[in-house]
Amino acid sequence: MPILLDHQLQEQIPHDILAFPIAFYCDELAALPDRTGPVHWHPYFEIATAQSGILDFQIGQTHTILEPGDSIFINQNMLHGIRQLSGTAPDRLPIIIFSGTVVAPENSSIYQKYIRPILACSSLPFIVFRHDNSLWKEVRGWICATYCAMQDMPDCYELEVQRNICRILEAIFRNFDSLPKAEASRVQLNTQIRLQKMLSYIYENYARTVTLADIAGAANISRSEAGRCFQSYLGCSPVEALIQYRLQAARHLLQETTLTLQEISFACGFHSANYFSRQFRRRYGYSPREKRGLGK
C-alpha cells in the first residue's frame, strides 16, 4: 500500500482504518528521496522496525538510532521523521499505525484504564525495543507477527492483530513506571503546536501563492519566531520547507501522472517551469524530465 508523503495528516490516513483501526506500510523508504521521510504527525500510535540498515528516527527534537532488529513505538500526535543512515539498499521498514480503539472503544473501562494513560503521557514520546534487550523479546515477536498478519491477511487475521496489539500495550502498561520519561518543557510543547499549525497550512496551500507571513500567520506568530520554530525542529526555514514539500508533490505527479512539466509546476505552486526545474535538479540531482524517463 503506497503512502503519499503527506499521508500522516489525519485526512490522508486510509479511510478503512476507521472500520479496522490499523494500517500497514512497508518499502516506503525506496520511494523517498535520500531515503528520508518528512517530519509529520498523526493521531495514532505507530510502531516501526529497522530491518537491514541503521535508521535515525527524529521524535520531536530528539534523535534516536535504530539498528537492525530494533523497533520503536511512537506516541500519538508526536512530530517524527525517519532517515536511513547506512545500508546498501533501502530498508524495508515495516510500519503499523493504529488507534487504541483496536483494543476497546474509547468510552470503555479498558481504554480508560490501560490505553489513555499511555497516550496522555506527554513525557513518553517514544519507546525503543532493542533487539538485544531480553525484556522486550516477546514484544518484538508480537510486533513481527502483526506485520505478517497485516501483510498476508490470512483467515481471522484481524483477531490475531487485535490480540498482538493487546499484548504489546499490556507490556507497555505493566512496565510504564520504569520506562524512561522525558518531560517536554512548555516552550517545546508550544513550539511543536505552532509548527504543526504551520506545516498543516503548507500541506493544504502549497499549490497557491504562499508567503512567509502567511505561514507565520497560521500560528499567529511573527515571521522571525516562525523561522526559529522551523530551524529548531527541521533545520531549515519555513520557505525552504514549503519548497521541499512542493518538490515532493511534483515528484509524485511525475511518477503517477502524464501531466506536462509546466502543468506540474503550476499544480505545485511554482509559477515558472524553469524555476521548478532548477529547484528540482538542486534537490534531487537530476531534472524533472530525467526523473520521468527513469520511471518509478
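Colleague: Why is Asn220 called exposed in this structure?

Modeller: In this predicted model, Asn220 has a relative accessible area of 71%, and since exposed means over 50%, the residue counts as exposed. Asn220 lies in the loop between helix 5 (212–217) and helix 6 (223–234), and its phi is near 55°, a positive value in a residue other than glycine.

Colleague: What makes Met153 partly exposed?

Modeller: The relative accessibility of Met153 is 48%, and because partly exposed covers what lies between 20% and 50%, Met153 receives that label. Met153 sits in the loop between helix 2 and helix 3, and although Met153 is not a glycine, its phi is positive, at about 50°.

Colleague: How do you know that His63 is partly exposed, and what does its side chain meet?

Modeller: His63 has a relative accessibility of 48%, which again falls between the limits of 20% and 50%, and therefore His63 counts as partly exposed. His63 belongs to strand 5 (residues 62–66), and its side chain joins that of Asp56 at 3.1 Å, a value within the 3.5 Å required for a polar contact. Leaving aside neighbours within four places in sequence, His63 is in contact with Asp56, Phe57 and Gln58. The C-alpha atom of His63 is separated by 39 Å from that of Thr260, a residue 197 places away along the chain.

Colleague: Why is Asn164 called buried, and which side chain does it join in a polar contact?

Modeller: Asn164 has a relative accessibility of 3%, and because buried means under 20%, the term applies to Asn164. Asn164 lies in helix 3, where its side chain makes a polar contact of 3.3 Å with the side chain of Thr146. Not counting residues up to four places away in sequence, Asn164 touches Trp142, Ala145 and Thr146.

Colleague: How do you know that Glu46 has no salt bridge?

Modeller: Glu46 is buried, and Arg130, the nearest side chain of opposite charge, is 15 Å away; because a salt bridge needs the charged atoms within 4 Å, Glu46 has none. Glu46, which is found in strand 3 (residues 45–49), does have a polar contact of 2.9 Å between its side chain and that of His80. The pair with His80 is not counted as a salt bridge, because the nitrogen in that definition must belong to Lys or Arg.

Colleague: What makes the pair of Phe45 and Phe98 tilted?

Modeller: The ring centres of Phe45 and Phe98 are 5.5 Å apart and the planes meet at 50°; because pairing asks for centres within 6.5 Å, and stacked means under 30 degrees while edge-to-face means over 60, the pair is tilted. Phe45 in strand 3 and Phe98 in strand 8 are 53 residues apart, so that the pair links distant parts of the chain. Both Phe45 and Phe98 are buried.

Colleague: Why is the pair of Tyr114 and Phe173 called edge-to-face?

Modeller: The planes of Tyr114 and Phe173 stand at 80° with 4.9 Å centre to centre, and because an angle over 60 degrees counts as edge-to-face, the pair takes that name. Tyr114 lies in helix 1 and Phe173 in helix 3, so the pair ties together parts that are 59 residues apart in sequence. Tyr114 is partly exposed, with a relative accessible area of 34%, and Phe173 is partly exposed as well, at 28%.

Colleague: How many aromatic pairs does the structure hold, and which residues form a cluster through ring pairs?

Modeller: There are 15 aromatic pairs in the structure, and ring pairs link Phe270, Tyr275, Phe276, Phe280, Tyr284 and Tyr286 into a cluster.

Colleague: Which residues have the most contacts inside the largest nonpolar core, and which helix gives the most to it?

Modeller: The largest nonpolar core has 35 residues, and those with the most contacts inside it are Phe73, Phe98, Ile165, Leu169 and Ile172. Among the elements that each supply at least two residues of this core are strand 1 (22–25), strand 8 (95–98), helix 1 (109–119) and helix 2 (137–152), while helix 3 gives the most, with seven residues. A second, separate core of 21 residues includes Trp41, Leu195, Ile215 and Cys229. In soluble globular proteins, nonpolar side chains tend to be buried together.

Notes:
Residues numbered from 1 in each chain as written. Predicted model: local features only at pLDDT ≥ 70, side-chain atom pairs only at ≥ 80, totals over all residues. Heavy atoms only, no water. Helix = DSSP H or I, 4+ residues; strand = E, 2+ residues; numbered from the N terminus. Buried < 20%, exposed > 50% of the residue type's maximum accessible area, 1.4 Å probe, protein only. Lys, Arg positive; Asp, Glu negative; His and termini not counted. Polar contact = N/O pair within 3.5 Å; in protein donor to acceptor, adjacent residues only side chain to side chain. Core = buried A, V, L, I, M, F, W, Y, C linked by side-chain atoms within 4.5 Å. Phe/Tyr/Trp six-rings, centres within 6.5 Å; stacked < 30°, edge-to-face > 60°. Contact = heavy atoms within 4.5 Å.
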